[in-house]
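I opened a new notebook page for this one and kept my entries short. Here is what I looked up, in the order I went through it.

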Amino acid sequence: MTAPAPYKPGDRVCAAYDAQDGPAIVYNRFVIEAGPREEYGHRVWIDLPEDAVGGTVGTYHTSIANFTLMDIPLHLQAPLQIGANTHWHADHAAPGSTRPTWPRGRHHARVDVPLTRDEREKHAAFAALYSEHWIRHDPAGFGLWLSRMVSEAWGDDR
């Protein structure tokens, strides 16, 4: 009998995938489904960007290390992961933010569900924590990200 899958629907991951322009890595994607697969350990289905070769649902096997959870301890995260997590939590703290779900499984449509006020407040607290860490360890990188965020929010004609 196969052990329970180490991932569950809704887990946030980063993954290597084949994009139309070549190999790529994507952050802040979600596990849609996970299930046993005797010969490979477990199979995990992850939502992928629109530019993914083969469609927006990718199949991964847990015996092959081409995807990992995003929520590893902060002090162990690489700079790109800290940036991706800061951005993700800041986006989810905003009014009107949503999270994707697949209530009928990977073969059916994605449904975006509005976040509650409590969920947005938790994301705001994490965004602040990640921002403080990023500022302390890479102030130039954080400043560049922040200027891009302001440009996106206000437009370049301010």
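**Entry 1: the aromatic residues of the last helix.** I started with Phe142 and Trp145, which sit three residues apart in helix H3, so about one helical turn separates them. I kept in mind from the start that this is a predicted model. The two rings form an aromatic pair, with 5.5 Å from centre to centre and 45° between the planes, and the pair is classed as tilted. Are these two side chains buried or exposed? I looked up Phe142 and found 11% relative accessibility, so Phe142 counts as buried, the cut-off being under 20%. Trp145 comes out at 15%, so Trp145 counts as buried as well.

**Entry 2: a second partner for Trp145.** Next I asked which other ring pairs with Trp145. I found Trp134: the ring centres lie 5.5 Å apart and the planes meet at 40°, so this pair is tilted, since that angle is neither under 30 degrees nor over 60. I noted that the pair links distant parts of the chain, with Trp134 in helix H2 and Trp145 in helix H3 (residues 139-154), eleven residues apart. Trp134 has a relative accessible area of 10%, so I put Trp134 down as buried. Put together, the ring pairs join Trp134, Phe142 and Trp145 into a cluster. For the whole structure I wrote down four aromatic pairs.

**Entry 3: the second largest pocket.** Trp134 turned up again when I moved on to open space, as one of the residues lining the second largest pocket. I noted a volume of about 220 Å³ for this pocket. Which element gives the most to its lining? My answer is H1, with eight residues. Among the lining residues I listed Pro79, Leu80, Gly83, Ala84, His87 and Trp88, along with Asn28 and Thr98. Sorted by class, the lining has five nonpolar, five polar and one charged residues.

**Entry 4: the largest pocket.** I then turned to the largest pocket, at about 580 Å³. How many residues line it, and which lie nearest its centre? I wrote down 26 lining residues, with Gly10, Arg12, Phe30, Trp88 and His123 nearest the centre. The elements that each give two or more residues to this lining are strand S2 (22-37), helix H1 (79-93), strand S6 (98-101) and helix H2 (117-137). H2 supplies the largest share, six residues. By class I have 14 nonpolar, six polar and six charged residues. Trp88 deserves a margin note, as this residue is named in the lining of the second largest pocket and among those nearest the centre of the largest one.

**Entry 5: the whole chain.** I closed by stepping back to the overall picture. I counted three helices and seven strands, and along the sequence they run β-β-β-β-β-α-β-β-α-α. The protein has 158 residues, and 35% of them count as buried. I noted an exposed area of about 9,900 Å², of which carbon and sulfur atoms supply 57%. What share of the contacts with a separation of 6 or more comes from residues 24 or more positions apart? I have 46% on the page for that.

How values were computed:
Residues are numbered from 1 along each chain as its sequence is written. This is a predicted model: local features need pLDDT of at least 70, side-chain atom pairs count only at pLDDT 80 or more; totals for chains, interfaces and linings use all residues. Side-chain values use heavy atoms; hydrogens and water are left out. On a 1 Å grid over the protein atoms alone, a cavity is a set of points where a 1.4 Å probe fits but cannot get out, and a pocket is an open set with protein on both sides within 12 Å along at least five of seven lines; lining residues have an atom within 4 Å of a point. Grid points are joined across faces, edges and corners, and a volume is the space filled by probe spheres set on the points. Helices (H or I, at least four residues) and strands (E, at least two) are DSSP runs, numbered from the N terminus. Ala, Val, Leu, Ile, Met, Phe, Trp, Tyr, Cys and Pro count as nonpolar, Asp, Glu, Lys and Arg as charged, and the others, Gly among them, as polar. Buried means under 20% relative accessible area, exposed over 50%, partly exposed in between (1.4 Å probe, protein chains only). Contact means heavy atoms within 4.5 Å. Accessible areas come from the Shrake-Rupley method with a 1.4 Å probe; for residues, only the protein chains shown count as cover. Rings of Phe, Tyr and Trp (its six-membered ring) pair if their centres lie within 6.5 Å; planes under 30 degrees apart count as stacked, over 60 as edge-to-face and the rest as tilted.
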